[in-house]
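Got your viewer open and a selection box ready? Let's walk through this one stop by stop.

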Amino acid sequence: MPTLMSPTSSLFLVPESRDQPMHVGGLQLFRPPDGAGPDYLGDLYREALTHADDVAPLFRRRPYRGWRTAGQWAWEDEADIDLEHHIRHSALPRPGRVRELLALASRLHSSLLDRHHPLWETHLIEGLEDGRFAVYSKIHHSLIDGVSALRLLERTLSTDPDDRDVPMPFSSRMHRKRRREDGDGENLASKVAKAGASAITDAVGLTPRLLKLAYEAFGDGGAVVPGQAPRSMLNVPITGSRRFAADAWDLRRMKDVGRAADATLNDVVLAMSSGALRQYLLSQDALPDAPLVAMTPVSLRGDDDDETGSVSVGAILVSLATDVADPAERLLAIRRSARDAKAAMAGLSQLQATALSAAMMAPLLLEQTPVSGLVRPAFNIVISNIPGPKDPLYWNGARLDGMYPLSIPINGQALNITVTSYAGRAQFGLTGCRRTLPHMQRLLNGLEESLAALEKAFL
């Protein structure tokens, strides 16, 4: 029997199109263990294909909508998993530089997942000239959010370089907790009634918060509300072709700036991104007079929540102060805006936080319609910062050297910046529309120049 999916999850299926794939991804770089032979990755691939009977429920789900669900999106479980469809073995063309790897990841991230199968793929990629191999994975955002995906990856790997019994991420051994499915043990009518009563109570408490946020946005506060973002070259219709750029920075450099400026690490990430965007847009003669606005996802998941099989994410809007030339003043303006946005979210229930986030995102729907060019964007860019593992990790003896996130540009939002920390490094992944954003490598150069300018200003 199909299981109804949450409204949040279904929102990632409804707008999907060839120009707008709605999956998230990750690119991991591994260094093989000492003594690994030339067929090391091929052996791992063939071993993975033998585990079709050991696939966790999350990786068996495929979307369904029909008369049995009254037209609502639901999940069906795939009984017979075709692992050769989901797991691919590839090799880079010579000379196998990181440049070729990023080009391959860009192409793989551009294609839609097949809805006739569970919505995930894993590609094992060899041929890097330095002897390393890569793993590119993608999974539909309706199945999992960024925090959940990172937790899953961390549980899949080991801190012990001698551990040779590390399963694939899809293995049921990695999913010991099983979340009670929608509809299990409680009829749908009862659930709807309870949800409705809770929504009324939470809505009453949310109204004053919305009014306060609007007052601060149009007063002297640093808060931002939808409608304040300027039009920019980032906010145009996009194609499905993607361009991916990635690099990493020492977290100590970023934290030193944060301490000196009394700012959070996320404030520094936003300031680095702001400086890079300002420089890039100036080079394209396309910098708006008004500051760009970033939507920053925030996890609404508690520490004890089961992270598999659901999406639990909210959003805040933060001014990037791209109209400010001085890097120190720009960071302080970002810090103020982020604090005001977080204060608006503090103390809310999960439903209230979701409703507030929905109010922030609602104007985005207009960007998916023919009138998109007539309205200002809800925001200019999505910038996510997801804390990751602090210690080096291994997969069956192979050391994880880097992990770079790939995310979702959408119509009217041609660029996404996602950051994941790992082993003392901040790993930036920039995913953009290939047609809209030329020379994305310049954004990586701008990130370094922006961090260096912040160090000069504060240290």
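Start in the middle of things: select Met254, Met272, Leu415, Phe428 and Leu430, the residues that touch the most other members of the largest nonpolar core, which has 48 residues. This is a predicted model, so keep that in mind at every stop. Now add helix 8, residues 265–283: with 9 residues, helix 8 gives this core its largest share. Zoom in on methionine 272 and show what surrounds it. Beyond its neighbours within four places in sequence, methionine 272 is in contact with Trp249, Met254, Phe428, Leu447, Ser450, Leu451 and Leu454. Apart from this core lies another one, of 45 residues; Met5, Trp120, Leu400 and Ile408 are among them.

Zoom out for the whole chain. You should be looking at 11 helices and 15 strands. Of the 459 residues, 53% are buried. Among contacts with a separation of 6 or more, 77% are between residues 24 or more positions apart. Switch on the surface and you have about 20500 Å² exposed, with carbon and sulfur atoms supplying 53% of it.

**Threonine 418**

Next, pick strand 14, residues 415–422, and find threonine 418 in it. Is threonine 418 buried or exposed? Its relative accessibility is 5%, so threonine 418 counts as buried. Its side chain has a polar contact of 2.7 Å with the side chain of asparagine 416. Leaving out neighbours within four places in sequence, the contacts of threonine 418 are Ser384, Ile386, Pro405, Ser407, Gln427, Phe428 and Gly429.

Keep strand 14 on screen and add helix 5, residues 146–156. The buried residues of helix 5 are Ser148, Leu150, Leu152, Leu153 and Thr156. Their cover includes strand 14, along with strand 2 (23–31), strand 11 (381–386) and strand 13 (398–406).

**Strands 2, 7 and 6**

Hold on to strand 2 and bring in strand 7, residues 133–140. Strand 7 is mostly covered, with 7 of its 8 residues buried. Strand 2 pairs with strand 7 in the antiparallel sense over 8 bridges; for a landmark, look at glycine 25, which stands opposite lysine 138 in strand 7. Then colour strand 6, residues 120–126, which is antiparallel to strand 7 and joined to it by 6 bridges. Here isoleucine 125 has alanine 134 of strand 7 as its bridge partner. Follow the backbone through the hairpin: there are 6 residues between strand 6 and strand 7, and glycine 127 takes a positive phi near 105 degrees.

While you're around this hairpin, select valine 98, which lies in helix 4, residues 98–110. Which residues does valine 98 touch, not counting those up to four places away in sequence? They are Leu128 and Arg132. Run a distance from valine 98 to leucine 128: their C-alpha atoms are separated by 7.3 Å, though the two are 30 residues apart along the chain. With 39% relative accessibility, valine 98 counts as partly exposed.

**Glutamate 16**

Jump to the loop between helix 1 (7–10) and strand 2, where you'll find glutamate 16. This glutamate is at 14% relative accessibility and therefore counts as buried. Show polar contacts: the side chain of glutamate 16 reaches the side chain of histidine 140 at 3.1 Å and the backbone nitrogen of methionine 22 at 2.9 Å. Skipping neighbours within four places in sequence, glutamate 16 is in contact with Pro21, Met22, Leu112, Arg115 and His140.

**A three-strand sheet**

Now pick out an open sheet of 3 strands, in the order 1-4-3 with antiparallel pairing. Strand 1 (3–4) and strand 3 (61–64) are the edges, each with a single partner strand, so one side of each has no neighbour in the sheet. Strand 1 and strand 4 (residues 74–77) are antiparallel and joined by 2 bridges, and threonine 3 has tryptophan 75 in strand 4 as its bridge partner.

**Last stop: helix 9**

Select residues 327–345, which is helix 9. Its 19 residues at 1.5 Å each should span 27 Å, and the end C-alpha atoms are 27 Å apart, so the two agree. At its start, a side-chain oxygen of aspartate 326 comes to within 3.1 Å of the backbone nitrogen of alanine 328. Colour by burial: the buried residues in helix 9 include Leu331, Ile334, Arg335, Ala338, Ala341 and Met345.

Note on methods. Residues numbered from 1 in each chain as written. Predicted model: local features only at pLDDT ≥ 70, side-chain atom pairs only at ≥ 80, totals over all residues. Heavy atoms only, no water. Helix = DSSP H or I, 4+ residues; strand = E, 2+ residues; numbered from the N terminus. Buried < 20%, exposed > 50% of the residue type's maximum accessible area, 1.4 Å probe, protein only. Contact = heavy atoms within 4.5 Å. Areas by Shrake-Rupley, 256 points an atom, 1.4 Å probe, with all protein chains shown as cover. Expected span 1.5 Å × (residues − 1). Polar contact = N/O pair within 3.5 Å; in protein donor to acceptor, adjacent residues only side chain to side chain. Core = buried A, V, L, I, M, F, W, Y, C linked by side-chain atoms within 4.5 Å. Pairing = 2+ DSSP bridges.
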